[in-house]
Structures are given as structure tokens and as C-alpha cells.
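Here are my notes for you, written as short numbered points. Keep the structure open beside you and find each residue as you read.

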Amino acid sequence: LRLLIDSTFATPINQRPVEFGVDLVFHSATKYLGGHNDIMAGSVCGKAPMVQAIKEFRDVIGTNSDPNTAYLLIRGIKTLALRVGQQNATAMRMARFLEGHAKVRCVFYPGLESHPDHAVAMAQMSGFGGVVSFDLDTDLDGTMRFLDGLRLPCIGASFGGVESIVSHPSTISYYELDREDRIAIGIADELVRYSVGVEEAEDLIADLEHALAVI
């Protein structure tokens, strides 16, 4: 059996699955590796024979990146460690703030002791990433008021950029599913996914506090 993992959320800064015996590791370079929301690219890493076979197949089907995309990706990787380091720290502060707020029902972030996989994250990761998800203690209308109340993040389905991005999964990424099917896989109407950028943590938390007040 071959083990394949998408490690986009963790980035190579926070976790290197090959060190744990994974055969192939995928990254959406559109996200953290590029880091500026201006490219579409991907990468696959692993042992040379497998990657060489993939490279030859890619050459046949023509999925090579254009020169400008490759240049922008190289530029982004140069600041990857700096960006991810700040995003790790800000996301941790944001997760703790949200976990202690009366209008937040649950926070999903592996850096929190309350996360069911916190012990695994502690053992395998050097940082916990820049995406914080949370269920608000309200309904769909209240969630929409919260999203409208945010001033700093852009609304979109992507993540991993230098600017913060907020997403409402049930109406963006999973809109094609019925409500019952979404809930069955953990996508509640009150779920918000927040991708932390490189803005000041104090500014982002103050913006969250303002938006939570309108629920």
C-alpha cells in the first residue's frame, strides 16, 4: 500500500510527513507556498522513483506551470517561514480568544488542549497552522451578521495568503449539499473558517470582538 497525504494546511514548516513514512506528500501551492493569492499551482514530494514517474506523466498531459507562475511561487517560498511563523502565533492567540468567548460554541484548532487530536499534533508538528475554525453560538442569520460585521478579512474560499480570509463553508465550499448532509459531516450553518494573514494579532482580534458583538 502507498500512503498519500495532502499537507497543504500544515505546510512544510509545521510538518514533514515524509519523516513519518508517508510515500507522497501533496501541497496546493496556491495557498501557503505561493502565499499571495495570485497563482494556481501544486506540488508532489516523495522518493525520487515515484516522483520521476509522476513527472514523466505530467510532461505527457501538459500540466507544467507557466514561467510567471513558477517565478511567483519561488518568490513566495522565500518568505514561507516568516509568514507561517507569524500566522502560527496569531492563530494560536485567536483560537484562545475565541475559545473563551461566550458567543462561540466550539473552536477547532489543533494547538488547543481541547482539540481531540492535540496530542498527535504536539508529537508531530512544530506549529499548528494559520486556519482557525469555530462554531458560533447562534443560527444562520446570526452567522451572516457576524460575517458582515468583520472589517479586515476578505470573504473567499481560499486560505494561506498574507491577507486574512474568512469563509462560510456551508454556503461556499459545501453549498451543493443538503443541510442534513452537511451536518452529517460536521459542516454546521454556524461554522466559520478563518485563515489568518500577517496582520497584527491585536487588530484581527479586535475586529473579531466587534463582529461578535453584533450577533
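1. Let's start with aspartate 189. At 8% relative accessibility, aspartate 189 counts as buried, because the cut-off for that word is under 20%. Please keep in mind that this is a predicted model. Aspartate 189 forms a salt bridge with arginine 179, with 2.8 Å from N to O. The two partners come from distant parts of the chain: aspartate 189 sits in the loop between α7 (179-184) and β8 (191-195), while arginine 179 belongs to helix α7, 10 residues apart. Arginine 179 is partly exposed, at 42% relative accessible area.

2. Which other arginine meets aspartate 189 in a salt bridge? It is arginine 182, at 3.2 Å from N to O. Here both aspartate 189 and arginine 182 are buried. Elsewhere, salt bridges with shared partners bring Lys55, Arg58 and Asp59 together in one network.

3. Now step back to the whole structure. How many salt bridges does the structure hold? The count is 11. As a general reminder, side chains of opposite charge can pair when their charged atoms come close. One of these salt bridges joins glutamate 202 to arginine 93, and the closest N and O atoms are 3.3 Å apart. Glutamate 202 is in helix α8 (residues 201-213) and arginine 93 is in helix α4 (residues 80-99), so this pair ties together parts that are 109 residues apart in sequence. Glutamate 202 is partly exposed at 43% relative accessible area, and arginine 93 is also partly exposed, at 41%.

4. Aspartate 135 makes a good contrast for your notes. Its place is in strand β5 (residues 131-136). Aspartate 135 is buried but has no salt bridge. Why does arginine 105 not count as a salt-bridge partner for aspartate 135? Arginine 105 is the nearest side chain of opposite charge, but it is 5.0 Å away, and a salt bridge needs the atoms to be within 4 Å, so the pair does not qualify. Beyond its neighbours within four places in sequence, aspartate 135 is in contact with Val104, Arg105, Cys106, Phe108, Ala188, Glu190 and Leu191.

5. Next, look at the surface. Which residues form a nonpolar patch there? They are Phe57, Val60 and Ile61, with about 340 Å² of accessible area together. Valine 60 is located in helix α2 (residues 48-61). With a relative accessible area of 69%, valine 60 is exposed.

6. You may want to check the cysteines too. A disulfide is a covalent bond between the sulfur atoms of two cysteines. How many disulfides does a search of the whole structure find? The search finds 0. Cysteine 45 is partly exposed, at 36% relative accessibility. Cysteine 154 is partly exposed as well, at 43%.

7. Two serines are worth comparing. Is serine 167 buried or exposed? Serine 167 is buried, at 1% relative accessibility, and its place is in strand β7. Leaving out neighbours within four places in sequence, serine 167 is in contact with Gly156, Ala157, Ile172, Ser173, Leu191, Val192 and Arg193. For leucine 191, which is 24 residues from serine 167 along the chain, the C-alpha atoms are separated by 8.9 Å.

8. Serine 158 lies in the loop between β6 (154-155) and β7 (165-167). At 24% relative accessibility, serine 158 is partly exposed. Beyond its neighbours within four places in sequence, serine 158 is in contact with Lys31, Asn37, Ile165 and Arg193. The C-alpha atoms of serine 158 and threonine 30 are 8.5 Å apart, although their positions lie 128 residues apart along the chain as a separation.

9. Finally, a point on backbone angles. Most residues other than glycine have a negative phi. Threonine 11 has a positive phi, near 70°. Threonine 11 belongs to helix α1 (residues 11-14) and is buried, at 1% relative accessibility. Asparagine 37 also has a positive phi, of about 55°, although it is not a glycine. Asparagine 37 is in the loop between β2 (24-28) and β3 (42-46), and it is partly exposed, with a relative accessible area of 32%. You have already met Asn37 among the contacts of serine 158.

How values were computed
Residues are numbered from 1 along each chain as its sequence is written. This is a predicted model: local features need pLDDT of at least 70, side-chain atom pairs count only at pLDDT 80 or more; totals for chains, interfaces and linings use all residues. Side-chain values use heavy atoms; hydrogens and water are left out. Helices (H or I, at least four residues) and strands (E, at least two) are DSSP runs, numbered from the N terminus. Buried means under 20% relative accessible area, exposed over 50%, partly exposed in between (1.4 Å probe, protein chains only). Lys and Arg count as positive and Asp and Glu as negative; His and the chain ends are not counted. Contact means heavy atoms within 4.5 Å. Patches are made of residues with over 30% relative accessible area and no salt bridge: like charges are joined within 9 Å, nonpolar side chains (Val, Leu, Ile, Met, Phe, Trp, Tyr) within 5 Å. Accessible areas come from the Shrake-Rupley method with a 1.4 Å probe; for residues, only the protein chains shown count as cover. A disulfide is a pair of cysteine sulfur atoms within 2.5 Å.
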